[in-house]
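Reader: I've got a new model open and I'd like to practise reading it. Could you walk me through a few features, one at a time?

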Amino acid sequence: MFRYIMTRVLAVIPTLIGAATLVFILMRLIPGDICVVRLGSGGGSFSEHSVQMCHAELGIDRPMIVQFAEFIWGLFTLNLGNSMWSGKPVVLEIAARLPISLEIALLAAIVAIVIAIPLGTISALKQNTWLDLVVRTFAIAGIATPSFWLGILSIIMVLDVTQAITGTPWMPPIDYVPLWKDPIRNLSMTLLPAITVGYRYAAVSMRMTRSTMLEVMREDYIRTARAKGLLAKIIINRHALKNALLPVVTLLGIEFAFLIGGLVVTEQVFNLNGIGRLFVLAVQNQDYTLTQALVMLVVAIFVLTNLVVDLLYAWLDPRIRFA
Amino acid sequence: MSASAPFQFAPQPVTEDAVVIKRSALATTLYFCRRQPVGTLGMAIVLIIGIAGLGAEWFAPYNPTSNDFTAMTEAPSWTHLLGTDQLGRDIFSRIVFGARTALIVGFSSAIVGGFVGLVLGVASAYFGGRSDMILQRFMDILMAFPLIIMALAIVSIFGTGVHNVIVAITIPLIPRCARVVRSSALPIREVPYVDAARACGFGHTRIILRHMVPNVMAPFLIMLTAFVGQAILAEASLSYLGLGVQEPVPAWGLMLQGGAEEYATTAPWIAVFPGLAIMLTVFGFNLFGDALRDALDPKLRER
């Protein structure tokens, strides 16, 4: 087991370095001189000197290899330079916005799992009934619905409903308060975006739970358990679900990336000041230092989530642990 | 050595003797419709959207970009089927023209990304060994970037607009396709007819294209339909963020930007219909893809 964990943990490092290399190369593919683009974007004229100042400030007047080493070293030491747009350190810009995004992502994952696993199981057990049909339609719609559209619709609905009940439309709070300080205020801000962005997550997991459950229920050991006269509840919970959930766990890890991607758009809809919104702003403002740091952050979250999932998988499935 | 090599056991495409009953294209389609009613619904949606996109000029009653300031945020009526937006543009016409944009981006990205992925995946499985390992590690790295994040990073480099959006969505689709195709191609490499082809002295390109690619077509086509849906969703997201297709090109994601939220309570149709169009289209492609999988891959049937 220890050996498995070590090899799996070590395998993360080349992926991360590879991703960092790719980001570094991508950001140098930008056509033309970043500084000229930036200085010229205001429409005004600029001197040769200010271009050189800008080069020195960004450190792009040095050899490529030095820049690359510095970028990698910066990733390890969390010194990613200053935002080209606000001038503040990139790490601070991100740290200020990370809590709200992480909270929504985790909340979305929890909502999704709580919905997906029971519904997927019921759908499999009642295969080809109207209940199954409803759950499957709900699931396939979740994959097709753009999260930002769902967000807009839910905002319209909340506005209309609260207007009808209280006379004045209710708006969620604008400033972020941590969950432990004021849970109601916090949740009134984060719950709706979490449900919106979690719908797809729930839909995908639901389909997976259903299909693996169907497969497992046909196994011989389930028939044996039935023949022994075990209660249906025990067969489902102990024998079937435990095995059926293995692929679902993997999927949850992979889909977490989609969740983060969805967050980029959803934060825009709900006007939340998280890293997703920061990412869009960074791209709009051609803030390359911030963009590359944010891309690396998302990649790191994705790679680490999958590492956790793999380790969890090994813990759940002895065949992998002892292989 | 040429194809007319003097070998008795020159490889035949498997499809020729594997398919016992030969049907015409029409008969196959009818058979599919009878066996897969839900998939047929998906196919119908895809066809309707496709026809709307192709003949947008005939179906759209108004010019999608012309403003009518005497008819701003008008509710759906017989003159404006789905109402008008905050600039007095006919929403129905914009949705019809938006279908064209969505399909252009969706199909271009899916087909280009899919084919590059197909060739890389099959080649990776065919050559195996070190080149397979290097290619797969590279794909691992590319896969670590969520689709929309990768697309945004590419947009930040090349800028916005239809062509750049296609590039931005195509690149992240490549590793996703290569991965699936490789796993389907691995067992095919071990099949005797590939050895036979090699023994005949055929080149790598010929073996890959003529003997291996046709045999991974089923999973590939299934994935391609899913890719079109994904690409349409990605395009809508990018356009919604203002980083995709730019005004005045009519695009569904773009229609949800700005006015949709501003007029949320007074003119909800601005927000409802373009989103419905995105959802229905992606829904159609997913249903069709699912049915295609059931029809092409008997192992997965009855799930």
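Reader: Let's begin with burial. What share of the 303 residues of chain B counts as buried?

Author: This is a predicted model, so keep in mind that everything here is computed from it. In chain B, 47% of the 303 residues count as buried.

Reader: And what is chain B built from, in secondary structure?

Author: Helices: there are 14 of them and zero strands. Reading from the N terminus, you meet α after α throughout. As for contacts between residues at least 6 apart in sequence, 72% join residues at least 24 apart.

Reader: How do I read burial along one helix, say α3(B)? Which of its residues are buried?

Author: The general idea is that an α-helix has 3.6 residues a turn, so residues three or four places apart point the same way. In α3(B), the buried ones are Gly39(B), Gly42(B), Met43(B), Val46(B), Ile49(B), Ala52(B) and Gly53(B). They pack against α2, α4, α5 and α14 of chain B. The helix itself covers residues 37-54 and spans 25 Å, close to the 26 Å expected.

Reader: Now the nonpolar core. Which residues touch the most other members?

Author: In soluble globular proteins, nonpolar side chains tend to be buried together. Here the largest nonpolar core has 169 residues, and Ala108(A), Leu259(A), Leu294(A), Val122(B) and Ala151(B) touch the most other members. Take Leu294(A): beyond its neighbours within four places in sequence, its contacts include Ile94(A), Ile275(A) and Phe279(A).

Reader: Where in chain A is the mean pLDDT lowest, and where highest, among the elements?

Author: Helix α13 of chain A has the lowest, 68, and helix α5 of chain A the highest, 89. Over chain A the mean is 83, with 95% of residues at 70 or more.

Terms used: Residues are numbered from 1 along each chain as its sequence is written. Chains are lettered from A and ligands numbered from 1 in the order in which they are written. This is a predicted model: local features need pLDDT of at least 70, side-chain atom pairs count only at pLDDT 80 or more; totals for chains, interfaces and linings use all residues. Helices (H or I, at least four residues) and strands (E, at least two) are DSSP runs, numbered from the N terminus. A residue is buried if 20 or more other C-beta atoms lie within 10 Å of its own, exposed if 12 or fewer, and partly exposed in between; C-beta atoms are placed from the backbone. Two residues are in contact if their C-beta atoms, placed from the backbone, lie within 7 Å. A nonpolar core is a set of buried Ala, Val, Leu, Ile, Met, Phe, Trp, Tyr and Cys residues joined through C-beta atoms within 7 Å. pLDDT is the predictor's confidence in each residue, from 0 to 100. The expected span of a helix is 1.5 Å times one less than its number of residues.
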